[in-house]
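This report describes one structure for a reader who has not met it before. Please look at the sequence and the model first, then read on.

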Amino acid sequence: MKLKLKIWRQKNNSTKGKIANYDIDNISPDMSFLEMMDILNEQLLEKGEDPVAFDHDCREGICGMCSMFINGKAHGPDKLVTTCQLHMRKFKDGDTITIEPFRANSFPVVKDLVVDRSAFDRVQQAGGFISVNTSGNTQDANAIPINKQDADNAFDAATCIGCGACVASCKNASAMLFVSAKVSQFSLLPQGKVEATERVLNMVKQMDEEGFGNCTNTGSCEVECPKGISLENIARMNREYLKAKAIK
Ligand code: SF4
Ligand code: FES
């Protein structure tokens with residue numbers, strides 16, 4: 001395949017960025033999108049040019065690092081896959097592909113396609129955990145009966161990989177799908193009930209302090225989420241929040 005690439009290049013957060021054009025040839029449809037980017041970078045290095053900076057780690061769809069906006073969609077044209085799991089067979093010979101970083105004020109550009117998503121880490125640190133007694137008296141998890149539907153819903157919420165596609169595809173740059181997944185994975189389980197009140201209040205407070213927008217129910221986050229995280233989690237987080245506010 002022969003392709004035209006239009007890629008956002010930006011030296012750092014204090015300089016202006018712009019789209020740069022690259023031609024690339026001999027791309028196999030069986031390559032992953034990131035392998036195609038690797039080939040481009042090898043060619044740039046051979047010419048003595050600066051390679052395109054992009055985030056990646058597991059390349060297996062589980063770490064959430066490979067954030068890219070491809071042809072106007074977070075993680076590209078395929079459904080329920082991350083950029084690293086996207087294959088070149090989803091494009092046609094001669095296509096032009098536009099590649100940009102995930103854009104949101106709370107995700108400042110570090111370089112080219114790399115954005116700083118540490119705002120998500122700080123939201124997690126504000127409450128995305130449970131405190132477990134490790135003194136040796138810990139109750140066996142299997143000794144606590146859990147309704148099957150609750151267990152399934154908690155597991156589905158826990159599959160959020162923190163990629164940030166929900167923020168990047170939302171016109172409000174809202175992080176509510178991410179935060180609600182992190183709240184839901186605990187609020188549905190007995191282990192998460194102990195700290196439930198503090199958790200939802202602290203995580204929502206941190207989310208607001210990081211400058212993420214509010215949800216207006218457009219649903220683009222759910223459509224673009226590579227893990228199919230449901231909007232129902234946002235409704236659950238809102239209920240948890242109102243309950244917590246009534247107590248505090
Ligand atoms: S909710 Fe989906 S899109 Fe948002 S961070 Fe989690 S996995 Fe990524
Ligand atoms: S590189 Fe880990 S999810 Fe894509």
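## Gln185 and its surroundings

Apart from residues within four places in sequence, Gln185 is in contact with Ala154, Ala157 and Ala158. Gln185 itself sits in helix H5. The model is a predicted one.

Is Gln185 buried or exposed? Gln185 has 21 C-beta neighbours inside 10 Å, and a residue counts as buried when 20 or more other C-beta atoms lie within that distance, so Gln185 is buried. Phe129 is 56 residues away from Gln185 along the chain, and the C-alpha atoms of the two are separated by 9.9 Å.

## Helix H3 against helix H5

The three alanines that touch Gln185 are also the residues of H3 that take part in a contact between two helices. Ala154, Ala157 and Ala158 in H3 meet Ala181, Ser184 and Gln185 in H5. By class, this contact has four nonpolar residues, two polar ones and no charged ones.

Two packed helices are described by the angle between their axes and by the distance between those axes. For H3 (residues 148-158) and H5, the axes come within 8 Å and cross at roughly 145°. The crossing of H3 and H5 is left-handed.

## Helix H5 against helix H9

H5 also packs against helix H9, which covers residues 232-247; the two axes come within 8 Å and cross at roughly 70°. Angles of 65 to 115 degrees count as roughly perpendicular, and H5 and H9 are therefore roughly perpendicular to each other. Their crossing is left-handed.

Which residues make this contact? From H5 come Met176, Leu177, Val179, Ser180, Ala181, Val183, Ser184 and Ser187, while H9 supplies Asn233, Ile234, Arg236, Met237 and Glu240. Sorted by class, the contact of H5 with H9 has seven nonpolar, four polar and two charged residues. Ala181 and Ser184 of H5 appear here and also in the contact with H3.

## Helix H7 against helix H9

H9 has a contact with helix H7 (residues 196-209) as well; here the axes come within 9 Å and cross at roughly 110°. That angle makes H7 roughly perpendicular to H9. H7 passes H9 in a left-handed crossing.

On the H7 side the contact is made by Ala196, Thr197, Val200, Leu201 and Val204, and on the H9 side by Met237, Glu240, Tyr241, Ala244 and Ile247. These residues divide into eight nonpolar, one polar and one charged. Met237 and Glu240 of H9 take part in this contact and in the one with H5.

## The shell around ligand 1

How many residues surround ligand 1? There are 14, and the closest are Cys160, Cys163, Ala165, Cys166 and Cys225. By class, the shell has 11 nonpolar, two polar and one charged residues.

Two helices, H4 (165-169) and H5 (176-187), each supply at least two residues of the shell. H5 gives the most, with three residues. H5 thus has a part in the shell around ligand 1, in the contact with H3 and in the contact with H9.

## Two residues with positive phi

Most residues other than glycine have a negative phi. Asp112 has a positive phi of about 45° although it is not a glycine. Asp112 is found in the loop between strand E6 (109-111) and strand E7 (114-115). Asp112 is buried, with 23 other C-beta atoms within 10 Å.

Asn217, also not a glycine, has a positive phi of about 60°. Asn217 lies in the loop between H7 and helix H8 (220-224). Is Asn217 buried or exposed? A residue counts as exposed when 12 or fewer other C-beta atoms lie within 10 Å of its own; Asn217 has 8, so Asn217 is exposed. Asn217 and Asn238 are 21 residues apart in sequence, and their C-alpha atoms are 12 Å apart in space.

## The chain as a whole

The chain has nine helices and seven strands. Along the principal axes, its C-alpha atoms fill a box of roughly 60 × 35 × 35 Å. The chain has 248 residues, of which 36% count as buried.

Among contacts in the chain with a separation of 6 or more, 71% are between residues 24 or more positions apart.

Conventions:
Residues numbered from 1 in each chain as written. Chains lettered and ligands numbered in written order. Predicted model: local features only at pLDDT ≥ 70, side-chain atom pairs only at ≥ 80, totals over all residues. Near = placed C-beta within 6 Å. Helix = DSSP H or I, 4+ residues; strand = E, 2+ residues; numbered from the N terminus. Nonpolar A, V, L, I, M, F, W, Y, C, P; charged D, E, K, R; others polar. Axes fitted to C-alpha atoms, helices over the stretch in contact; angles between N-to-C directions. Parallel < 35°, antiparallel > 145°, perpendicular 65-115°, else oblique. Left-handed = near helix turned anticlockwise from the far one by under 90°. Contact = placed C-beta atoms within 7 Å.
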